[in-house]
Protein chains: 2
Amino acid sequence: MNAQGQPAGDTAPVRVLLADDEHLIRGALAALLSFEEDLRVVAEAASGPEALAMARAHRPHVAVLDLEMPGADGVTVATSLRSELPDCRTMIVTGHGRPGHLKRALSAGVRGFVPKTVSAQRLAEIIRTVHAGGRYVDPELAADAISAGDSPLTARETQLLELAANGAPIAEIAERAALSPGTVRNYLSSAAAKLSAENRHAAVRIARSQGWL
Amino acid sequence: MNAQGQPAGDTAPVRVLLADDEHLIRGALAALLSFEEDLRVVAEAASGPEALAMARAHRPHVAVLDLEMPGADGVTVATSLRSELPDCRTMIVTGHGRPGHLKRALSAGVRGFVPKTVSAQRLAEIIRTVHAGGRYVDPELAADAISAGDSPLTARETQLLELAANGAPIAEIAERAALSPGTVRNYLSSAAAKLSAENRHAAVRIARSQGWL
DNA sequence: CAGTGCTGATGACATTTGTCATCGGAGTAA
DNA sequence: TTACTCCGATGACAAATGTCATCAGCACTG
């Protein structure tokens, strides 16, 4: 009856991988989790690729991944882990959770999605839940994701919005996408209309805020 | 001879205020710092205003402030603290440190400026340094700040860039600033020219990246 | 097969935006 | 005083952008 996993005693501890580019957070987290007798941090990583390498080397039961990391973001790492180490459960921890990120994460097989506003105790519980095969999604983020719905944008619209994200003029976007300038304007106009934005720049902002970028 | 402050033993501990909106980090940090015998976390806050209130109530020696917080950012809090509690030293911890932020912080009387990539040990040392009256600035950020130079923008240019930051059309910016649309275009054009940007949206990006926004 | 939606393009047109010259007033430093 | 910069505005013009209609190929689906 250790399903929800209060400290166990005799059973083997849960092997945990921590990946976060902020050393301060990662170290502090590792220290806190070390107090939980049934959890053991077996590896730490500061970037996406490093997280993958560490996971291959140390075979954790649960990988706790920051969403924003250099190299590859948490969801990308989770996707790779899913195919490489199917037994490794994954969960995402993030500062600003956007609805779209949650959707992407869930379809990547991520079993936990929590904001950094939770306490360490709570995180430890969630790690146990995930390890036991359960799922946990922050209620507030879940509500946002449900009410937000899916992205109304097509693939090209999304791609062109990304290229427009840095404020580049149409000509440059067209060149980088190998498309006609007129075509680019059409797609961006369409995207802005779908998002009820006044122009493509506002559209970029809106798409970003929804995690559709 | 306790200047750099190795654990002291008999002298009174340094009273520390921790302010960070991410509960996970704040709690973990508090736990880690509690191992340092000469440091004592006497208050925690999750927002700018709360940090101010806590500081008034608990009179910390050193306030460790996150740069990005709801309500009021770390530099704003530091400015208020400087006038309200001149004896309270302040330091800023941040995820992404932009050159302009560092400059603003230093002119607000902040004595420490560190990225979240430092270790907890390092942070503890820096807290001691700051408490002893010293200063500490992350070398990399300092180099960036020096090479970046000051903002070339005038007050109005900066203000209008801020209003333009969400992608709003000129008309809306003009209305919100109570200025003529033509005037707005002139200022934004001037700002874009100073930043070598192709248009105002790219200018916003550049100004943001320098912390001039 | 017909219908639908995404893609990619073109042309036309109106609007927005960027750029420049110019003006006047206020404040400030030499 | 003079010179300088910033502020705020106007007018004119060119360039970029947004919008719309229209076309064609392709893939998919009922």
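The following exchange concerns the surface near DNA strand D and the relation between chains A and B in a predicted model.

Biologist: Which conventions apply here?
Modeller: The model is predicted, with local features needing pLDDT of at least 70 and side-chain atom pairs pLDDT 80 or more, while totals for chains, interfaces and linings use all residues. Residues are numbered from 1 along each chain, chains are lettered from A and ligands numbered from 1 as written, and side-chain values use heavy atoms, without hydrogens and water.

Biologist: Which residues come nearest to DNA strand D?
Modeller: Of the 16 residues around the strand, these are Arg185(A), Arg200(A), Arg156(B), Asn186(B) and Tyr187(B); a residue is near if one of its heavy atoms lies within 4 Å.

Biologist: What does the side chain of Asn186(B) reach?
Modeller: An N or O atom of that side chain is 2.8 Å from a base oxygen of DNA strand D.

Biologist: And which phosphate oxygen distances are there for Ser180(B) and Thr183(B)?
Modeller: A polar backbone atom of Ser180(B) is 2.8 Å from a phosphate oxygen of DNA strand D, and a polar side-chain atom of Thr183(B) lies 3.4 Å from a phosphate oxygen of that strand.

Biologist: What share of the strand's atoms within 4 Å of the protein belongs to sugar or phosphate?
Modeller: The share is 56%, and the rest belong to bases.

Biologist: Turning to the chains, how does A superpose on B?
Modeller: A rotation of 180 degrees with 0.0 Å of shift along its axis superposes them, with RMSD 0.2 Å, by least squares on C-alpha atoms of residues with pLDDT of at least 70 in both. That is the relation of a two-fold axis.

Biologist: Which C-alpha of chain A is nearest the axis?
Modeller: That of Ala28(A), 2.5 Å from it.

Methods: A polar contact is a pair of N or O atoms within 3.5 Å; within protein, one must be able to donate a hydrogen and the other to accept it, and residues adjacent in sequence count only if both atoms are side-chain atoms.
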